[in-house]
Amino acid sequence: MTHWLDHISAHALEDEKSAVAHLLYRAGALDALAEPVAARAGKLIENQRSRGAGNTVESFLQSYGLSTKEGIAMMCLAEALLRIPDATTADQLIEDTFSTGDWKKHLGQSDSTLVNASTWALMLTGSVLELDKGESLTSWFGGLIKRSGEPVIRQALRAGMKFLGTQFVMGETVDAAISNAKKDEQRGYVMSYDILGEGARTDAQAMGYVNSYLAGIRDIAAAATETELFARPGISIKLSALHPRYSITQHDRVFAELMPRLKDIIREAVKHNISVALDAEEASRLELQLEVYKALIEDPEFADFGGIGFVLQAYQKRAIYVAEALVELARTNKRRLPVRLVKGAYWDSEIKYAQIMGLSGYPVFTRKPHTDLSYIACADVLLSNTQSIYPQFATHNATTVAKMIEIAAHKRVPDSAYEFQRLHGMGETLHDQVVGTHRVRIYAPVGAHKDLLAYLIRRLLENGANSSFVHLLLDKETPISSLTVCPTELARQTGGLPSEHIPLPADIYGAKRKNPLGTEFGYRSLRLPFLKGVEAKFAALPTPPADAHEKDIPAIVARAHAAFAGWDNTPAHARAAILRRAGSLLDAHRDELLALLITEAKKTYSDAVSEVREAIDFCYYYANEAERVFAPEILAGPTGESNILTLHGRGPFLCISPWNFPLAIFIGQVVAALVAGNPVLAKPAEQTPRIAARAVALLHEAGVPTDALQLVCGQGETVGAALVNAPHIAGVCFTGSTAVAKLINRSLAAKDGPIVPLIAETGGLNAMIVDSSALLEQAVDDIILSAFGSAGQRCSSLRMLFVQHEVAHELRELLMGAMNELRIGDTRLLTTDIGAVIDREAQKHLLGHIDHMKRTARWTHSVRGHHLEGDTFVEPHVFGLDDPSELTEEVFGPVLHFFTYKAKDLNKTLARVAGSGYGLTFGLHTRLRGTIDEILGQIPAGNRYVNRSMTGAVVGVQPFGGEGLSGTGPKAGGPHYLLRFVTERTTTINTAAIGGNVELLA
Ligand SMILES: Cc1cc2nc3c(=O)[nH]c(=O)nc-3n(C[C@H](O)[C@H](O)[C@H](O)COP(=O)(O)OP(=O)(O)OC[C@H]3O[C@@H](n4cnc5c(N)ncnc54)[C@H](O)[C@@H]3O)c2cc1C
């Protein structure tokens, strides 16, 4: 049976050309309005230009375009300054900002960059700090520094940033906002207050937002004078603020926990006759938001209330289908629904996210005229159904405004049947021209300036882009006629083709290497078939392969040895072709591999998907690498002689892989060794033989001769050791603990015969530093993922967190709150965030460590599990400790050790991290560019990550591997890896010996 969302979801990642063709078919007839639209828009723009930018975002962008270094530096300052609690870090940020870029260019003449930059803040604070008549900013500021020193500069800049904030925030409290809004209300505007807050990380934060929404509704209603619902101010809310787990994987909690909170808000709104709009967020949340919205509209309790609004983003390929579904929902429920039509505020992050996730396409259009066309087509649907929909057109684009007015007039929709909306601090010069004839609502953010800045940055990014109307409006070089071109016309010119500058997610690595396909659970059209495919495989898992006997090892190795010459003589491009086939086969058997990873290795769905993608990627990457490095190299030398360097396999390679990446690391080692011309003996971890057996079967199916790749299962101490000690083993590739790597190294050293190379990737005591300039919410997301993702069983996992003293308390509270929201359980459920650890032995070891830490730590916090019976679960723990030396070895599980440091002791902290002897991964959260360089310069770690999580290295993008106690290198998935698996030969031929030196004589 089809579900109402199926039709919408089917278009989530639709091919752009066909999506545009459909929109042209739907909205093409509105071309007839092109002339009146251009005339109307032209007048609006002329008036806007004659009024100038004023004190708005437009003025900011006029001075600091986003394509300038100064614009970016200023955004960094704006984003971070107000939330930095300590003076030292704030000053570093200021210095950092002003050591970048050419501020003079913007601010006039001065020798001092700092003075110039600071005067910029003063320019903004014109109303805050008064200059004496005739005094220049520079001389005034120079004097100020002499008189007052640095703290004043800091204060001035903070005032500057606050002033920037006031351009976009209506007030820091609802009361202040109501009072500040009066001026606009007197000019005919209506308000929609947006109480700032999004993306709650903890329940406490979410409840805080819920309570501010409730109180906000009461305060707004108390001050409202009109009686008609839409003549009264309303509020806008974000569902992500109401619950820390507003995500499709937590569908049950969204309905059981978020929904009651939302209903409380709607109840309050009904009581006070205040409309509520549900803001649109990420594309992956659209379908969940629609489900929530439908439930509200169908709830008999709210049957008589017409004020629950939906926000629709036109940049999404599903937009037109959503518009139709909203009309249908209204009709079925005999309601008139307010729908705010926007273009969409998360465009750049949607593009990046789709690339990271390896989606089959983008959920958003990649050319602006396509979004504009979609906006028109959606508006057409909304304006054709004004008995069911109250359209609210939110835009700062004069041509879009003109188009809406002309479409409405053409359809004989009265001006009062729809409204326009703008953001506070933007679009004033445009909407001042509209507010006389139409209702115009101002979206008015309310909240503390420090919470506003993330919102501000989104506005600046969206409007500072070269394609943005606001950006072009201010550019006097852009003729008005080019701003009023009909998007339908432009979309016809592009033929609906996607932007040539934005490759599809599959093509981001270029033509020679496909980015393996991933998925996004937020899209029903992807999620349901995905789950069905994997669940079907749970029932039919293969039986584990038999272990080898120690006595069989010599024969196994001899077989590999015998296969060596044939395999090594197979041309590299033929071996590469086999790897590519293997990649495709892994892809084709994805469901089965996922089912195995989820059950045998206790991986969550999303970890399992990443792992299969990584395994496929290894095949494609090493295939390309082999073709690159195996090409014979002609060396320069004297005439009459040819000198050629060629690479060859070394002989049978033993690949010993771990259980924590039983497919990706297993495949990575094996295919690297194979493609370099070596027969392989693949010894998987004892815990995960079935996955290894499937991988080997697929490699054979792809064309690897069975003698060239043999699976050898069994205990490390017996089978593994016998393999290491066997004659003819020409190389060992090992991933696992440092202790076992050393053991292997010693065994190899003790062997007679040639010296056998060892490639070892071992563990790490991985650290992350969070300073006081970091955005704590972002840091907490990354800490949770890095420390507890995959139950902390990645070699890259975060073990030691160092937090700057001034923000440690706040971060700790956030971290504990976010931990409380994690779900531990059976990984066969999509709802599970963290599964069991691999086996009893690992569990026992971890519980022993936790017991010990409980006795020594200053404080501790743990996640309470939901289904902890019957499997090897370990509740994620964090321990507050004083001294990092309490931790001497890697603890391979969901246990995080939390330390604080004082800014002045940063170098000591770094020395401790570096002094551990390990050097695998390292994370840093800071907004200070200078600090990034300084810290990274002191940390010897193979993989360093700044302002992101520190796990999830991607093949060819973040080649993986450490130094010191963490491994020998070279890095897996990197350009130097294959070279360790080969031997080099040069061949010199005296060409002059046969027939003289023809080359020279010719
Ligand atoms: C009152 C109000 C409420 C809002 N609420 C929300 C909300 O809940 N959720 C939300 O997401 N946004 C919201 N917005 C923001 C809105 O999405 C942006 O302000 C809007 O996209 C800017 O569009 P414009 O018509 O003013 O400008 P234009 O310059 O005409 O359009 C810019 C927009 O075009 C799109 N675009 C830019 N480049 C490309 C490209 N290469 N390919 C495809 N598309 C492109 C992007 O959406 C970009 O924001 C709201 C805006 C207002 C005014």
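This briefing covers a parallel sheet, two helices and several single residues of one structure. The model is predicted. Five strands form an open sheet in the order β13-β12-β11-β14-β15. Strand β11 is covered on both faces. Helices α11 and α33 each have an end-to-end distance that agrees with the expected span.

**The five-stranded sheet**

- The pairing in this open sheet is parallel. β13 (709-711) and β15 (758-761) stand at the edges. Each edge strand has a single partner, so one side of each is left without a neighbour in the sheet. From one strand to the next, the twist averages 15 degrees.
- β11 spans residues 653-656. With β14 (residues 731-735), β11 pairs in the parallel sense over four bridges. In that pairing, L654 has V732 of β14 as its bridge partner.
- β11 also pairs with β12 (residues 680-683), again in the parallel sense and over four bridges. Here F653 has V680 of β12 as its bridge partner.
- In a regular strand, side chains alternate between the two faces of the sheet. In β11, F653 and C655 lie on one side, and L654 and I656 lie on the other. All four are buried.
- Helix α29 (residues 664-675) joins β11 and β12 in a β-α-β unit. The unit is right-handed.

**W659, in the loop after β11**

- W659 sits in the loop between β11 and α29. Its relative accessible area is 18%, under the 20% cut-off, so W659 counts as buried.
- What does W659 contact, leaving aside its neighbours within four places in sequence? The list is A601, A685, Q687, T688, Q793, I838 and F892.
- A601 is 58 residues from W659 in sequence. In space, their C-alpha atoms are 6.9 Å apart.

**Helix α11**

- α11 runs over residues 174-186. At 1.5 Å a residue, its 13 residues should span 18 Å. The end C-alpha atoms are 18 Å apart, which agrees.
- Where does α11 bend? The bend is at N180, by about 30 degrees.
- V174, A177, I178, A181 and D184 are buried in α11. Their cover includes the strands β1 (190-195), β7 (419-423) and β8 (439-446), along with α12 (203-223).
- G188 follows α11. The phi of G188 is positive, near 105 degrees.

**Helix α33**

- α33 covers residues 776-788. Its 13 residues should span 18 Å at 1.5 Å a residue. The distance between its end C-alpha atoms is 17 Å, which agrees.
- Which residues of α33 are buried? They are L776, A779, V780, D782, I783, I784, S786, A787 and F788.
- The elements that cover these buried residues include β16 (767-770), β17 (800-804) and α34 (805-820). The cover also includes β19 (877-880), β20 (895-901) and β22 (921-925).
- S790 comes just after α33 and takes a positive phi of about 55 degrees.

**T519, a buried loop residue**

- T519 lies in the loop between α23 (487-494) and α24 (524-538). With a relative accessible area of 11%, under the 20% cut-off, T519 counts as buried.
- Neighbours within four places in sequence aside, T519 is in contact with M357, L359, L526, F530 and V609.

**Backbone exceptions**

- Most residues other than glycine have a negative phi, and most peptide bonds are trans. The residues below depart from one or other of these patterns.
- K334 is not a glycine, yet its phi is positive, about 50 degrees. K334 is in the loop between α15 (319-332) and β5 (337-342). Is K334 buried or exposed? K334 is exposed, with a relative accessible area of 74%.
- H728 is also a residue other than glycine with a positive phi, near 75 degrees. The loop that holds H728 runs between α31 (716-725) and β14. H728 is partly exposed, at a relative accessible area of 44%.
- The peptide bond from G969 to P970 is cis. Its omega is near -10 degrees. P970 is placed in the loop between β24 (963-964) and β25 (982-989).

Definitions and conventions: Residues are numbered from 1 along each chain as its sequence is written. This is a predicted model: local features need pLDDT of at least 70, side-chain atom pairs count only at pLDDT 80 or more; totals for chains, interfaces and linings use all residues. Side-chain values use heavy atoms; hydrogens and water are left out. Buried means under 20% relative accessible area, exposed over 50%, partly exposed in between (1.4 Å probe, protein chains only). Helices (H or I, at least four residues) and strands (E, at least two) are DSSP runs, numbered from the N terminus. Two strands pair if DSSP finds at least two bridges between them. A crossover is right-handed if, with the strands pointing away from the viewer, the path from the first strand over the helix to the second runs clockwise. The expected span of a helix is 1.5 Å times one less than its number of residues. The bend at a residue is the angle between axes fitted to the seven residues ending there and the seven starting there. Contact means heavy atoms within 4.5 Å. Axes are lines fitted to C-alpha atoms, for helices over the stretch in contact, and angles run from 0 to 180 degrees between N-to-C directions.
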